[in-house]
Amino acid sequence: MFQRSRIVGRAIVTAEMQVLRCPVQISLLFDRRLSTSASPPPSYPGSNSTVPLKGIPSRFEQLQRLKSDDTYDVLIIGGGATGSGAALDAASRGLKVACIERGDFASETSSRSTKLIWAGIRYLATSAAGLLSKNLFLKPAETIKDFWGEFMMVVGCHRERRYMLEKQEHLTKWIPIAIPFDKYIVWPPPFGHPLFALFPLLAPFVLKFYDSLSQFSCPPSYVMGPQQAKEKFPQLSHRKLKFVSVFYEAQHNDARTNLAIALSAAEHGAAISNYVEATEMLFDGKKACGVKALDNMSGDEFDIRAKKVIFAGGPYTDLMRKMEDAEAKPAVQGASGSHVVLPGYYCPSDMGLLDYNTSDGRFLFFLPWQGHTLVGTTDKKCDAETSASAPEDEVQWILNECGKYLSKDLRVRRSDVLSAWRGWRPLAADPHAPPGAPVSRDHVISENPESGVIFIAGGKWTTWREMAEDVVNRITDKPCRTTEIKLLGGDGYNKNMPIRLTQKHGMGVDVAAHLSNTYGARAWDVCDLSRPTGLNWPKFGVPVSSQYPYIEAEVVYACREYACTVEDVLSRRTRLAFLNSEAAKDAIPRVAEIMAEELGWSEDIKASQMESAYEYISTYGGPVPDKAGASLRSATFRDIIEIFNAIDEDGSGFLDRTEVEHAATKLGFPMSAEELNAAFDEMDTSHDGRVSLEEFEAWWNGADDGGLREKMHNEFSFAKDIDDLKKVGGGAMLG
Ligand SMILES: Cc1cc2nc3c(=O)[nH]c(=O)nc-3n(C[C@H](O)[C@H](O)[C@H](O)COP(=O)(O)OP(=O)(O)OC[C@H]3O[C@@H](n4cnc5c(N)ncnc54)[C@H](O)[C@@H]3O)c2cc1C
């Protein structure tokens, strides 16, 4: 006898709706959850590809399997790195597996990472800082245990990084990362411990130790002098550079790795599908025995039954847990991190940079990725949302931090931002742990003793395989096999594939390299779908967007790899929206046309798909800032130049007292002579009676103190561009 528990709360529905971009999908949710009308939801036929890939059932077949009366050994909810990994692990151990994802695979956190398979240099530093604190004397046993736990986690990350690089070589590569030092002693010290004031001197040794944790399987870390650094990383500011330490991490295309894991799970027999959402739990007595599922593309509702249910909802795990128990204590905290994408010329194509000591203590990575420069932060704690939109404050903070290391003639401008997005890292704690149980530093696996539902959350992209192994070990004694498995496209791949693709299919060199790094040996199948360009060279591979290596054949292939929406193709199957939001918008009509042909969409569906894609891709940042609600306290250098130039009435390149006084008056807060002198003297740090652009920038980025700076910040935060700036302040502002 099945009983159903359902979450129908406006807050929950609203949060869930944010992920569903397509108007058809949103109306479906309304029909299903909020309306009392019995009329059936609009159907969305033709969204399922019926064309199977070699060895992998089509999405249509997968839905048929999920809708069947079968009882699965395990049902996994969530198709990010964690859920897809668990599905692959369980299926490869011979279990009968179902796995559902409410959006596209990797549509949330797993496509919005820094793209590093990293072994945890930061954790090594913070755990050492913990060990060397006064707690070592106050609580020695606990402190040593904490350090050891953290240290073993780093060792685990090294093992997983090695596995990814050696076994999944078509999806991963080494990336050298430079840490520039312009002083030998840093104060205040990074990582919260005075010993790290010596970090510049210690770094080469710390990094050698870091290499040793991989048993030296990584390329060795090394040190570059200023001259070598100038040749290798000409974009760096070399003015005060003392030396640069270089170490290695692995890099990947996260959304592609996620899809490769999900499709490999399908290859091993899992019934897995995207756009299928768990909406209610099914219970047999108190034990969970499955879920009620909603196909977000067609509106079909059906039950999926399983002996065991695993939640792998990343930062949304608590929402899933509410389906099981409306009173469930929170277990997963979100921590947001934003990234901006800049043109590739800001970074060498084969070396990144790490700022370990940003103005607010976060790490900042500056990495070459897919021909562009990816700059992003580690995270800030806040509740998880689903929108990709990165707050303008964060974008500006990132751009300002970049300026610290780049050569002065390479100031990053706000208009250089090609795309910007953010994600929420799941940080988990075990709500079912007995008092006194050790606190996990990494992923948490917890089983509800009443319902038997297990959740897994936390961890990192790097540890997806280990997390999957740990959670599946909870439900079977069969041995884990994932270390032996090459992900989709890995079998038959070798490093010469780009050359062979170019020779056989007449592909451009960049297209061939992109196809082999994305699809591995399956790139041959993509090439078989490619159309002639009509040019002398390249002969095949019509581009989706000029200047990007994505070709139209990939759109057709993506449909067979379960892509259902135009946004799927532009965000995750290709990474165009992540790399260049404007170029992605331009590509929407053509992608929609190809998908409509492949999936048999009507004109209405095509139009609705295009509208949703425009709407969703507009949430990614771009060259035009959306400053609504943002504070320009940390304005970009370009913003500051514009403000400076607007105040500099005589265009001398310097501000004098009169110009500052005029600016304040025009902004609507005239100053007394005393106030003016105080503000001006604070700006004029060289005490030469005039304020240079550099002095103005330093002053602008100082802390608000209720005086002129704060008033200016407040005024300018409402302005969108310099024309607006000139109007702020009741009319003819700033001349
Ligand atoms: C800014 C940032 C940078 C990062 N950088 C790195 C890095 O460089 N290296 C690294 O190792 N790690 C990194 N991480 C961490 C890593 O990205 C995450 O640990 C990992 O992606 C989490 O995967 P997940 O599957 O647990 O969560 P998610 O990817 O969020 O997957 C959960 C899925 O559950 C689905 N879902 C939710 N509710 C339902 C439902 N009712 N029915 C069906 N499906 C549902 C969601 O749609 C979602 O797709 C970073 C994280 C952030 C935020």
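How many C-beta neighbours does Lys167 have inside 10 Å, and does that make Lys167 buried, exposed or partly exposed? The count is 17, so Lys167 is classed as partly exposed. We come back to this residue in the view of its helix; please keep in mind throughout that the model is predicted.

**Figure 1. The whole chain sets the scene for the close-ups, with 27 helices and 19 strands.** Of the 735 residues in the chain, 49% count as buried. Take the contacts between residues at least 6 apart in sequence: 69% of these join residues at least 24 apart.

**Figure 2. The shell around the ligand is made up of 40 residues.** The closest of them are Gly78, Gly80, Ser110, Gly314 and Gly337. By character, the shell divides into 14 nonpolar, 17 polar and 9 charged residues. Helix α4 (81-92) and strands β9 (276-284) and β17 (419-428) each supply at least two residues of this shell. The largest share, 4 residues, comes from β17. On the scale of domains, at least three shell residues are drawn from domain 1 (50-111 + 256-331 + 438-484), and at least three from domain 2 (116-253 + 334-424).

**Figure 3. Ala87 and Val97 have the most contacts inside the largest nonpolar core, a set of 178 residues.** If you centre the view on Val97, you can pick out what it touches beyond four places in sequence: Tyr72, Asp73, Val74, Ile76, Ala87, Ala90, Ala91, Ala270 and Ala271. Apart from this core lies another, of 17 residues, with Ile640, Ile643, Ala679 and Trp700 among them.

**Figure 4. Helix α7, residues 140-167, has the span expected from its residue count.** At 1.5 Å a residue, its 28 residues should span 40 Å, and the C-alpha atoms at its ends are indeed 40 Å apart, so the two values agree. Buried along α7 are Glu150, Met153, Val154, Cys157, His158, Glu160, Arg161, Met164 and Leu165. An α-helix has 3.6 residues a turn, so residues three or four places apart point the same way. The cover over the buried residues of α7 includes strands β4 (116-117), β5 (172-181) and β7 (243-252), along with helices α5 (121-131), α8 (199-213) and α13 (464-473). Our opening residue, Lys167, belongs to this helix. Lys167 and Ile485 are 318 residues apart in sequence, yet their C-alpha atoms are 7.7 Å apart in space.

**Figure 5. Helix α13 is mostly covered, with 7 of its 10 residues buried.** Those buried residues are Trp464, Arg465, Glu466, Met467, Ala468, Val471 and Val472. What lies over them includes helices α4 and α7 as well as strands β11 (301-311), β18 (444-447) and β19 (454-457).

**Figure 6. Thr114 sits in the loop between β3 (97-100) and β4.** Thr114 counts as buried because it has 23 C-beta neighbours inside 10 Å, where 20 or more are needed. Leaving aside residues up to four places away in sequence, Thr114 touches His339, Phe365 and Gly376. Asp254 is 140 residues from Thr114 along the chain, and the C-alpha atoms of this pair are separated by 8.6 Å.

**Figure 7. Two cis peptide bonds precede Pro188 and Pro538.** Here is some background for this view and the next: most residues other than glycine have a negative phi, and most peptide bonds are trans. From Trp187 to Pro188, omega is near 0 degrees, and Pro188 is in the loop between β5 and α8. Between Trp537 and Pro538, omega is about -10 degrees. Pro538 is found in the loop between α16 (523-528) and α17 (552-560).

**Figure 8. Tyr275 and Gln547 have positive phi values without being glycines.** Phi is near 55 degrees for Tyr275, which lies in the loop between β8 (271-273) and β9. Tyr275 counts as buried because it has 29 C-beta neighbours inside 10 Å. For Gln547, phi is about 75 degrees, and its place is in the loop between α16 and α17. Gln547 is exposed, because 9 other C-beta atoms lie within 10 Å and the exposed class holds residues with 12 or fewer.

Terms used. Residues numbered from 1 in each chain as written. Predicted model: local features only at pLDDT ≥ 70, side-chain atom pairs only at ≥ 80, totals over all residues. Near = placed C-beta within 6 Å. Nonpolar A, V, L, I, M, F, W, Y, C, P; charged D, E, K, R; others polar. Domains from an automatic or database assignment. Core = buried A, V, L, I, M, F, W, Y, C linked by C-beta atoms within 7 Å. Contact = placed C-beta atoms within 7 Å. Expected span 1.5 Å × (residues − 1).
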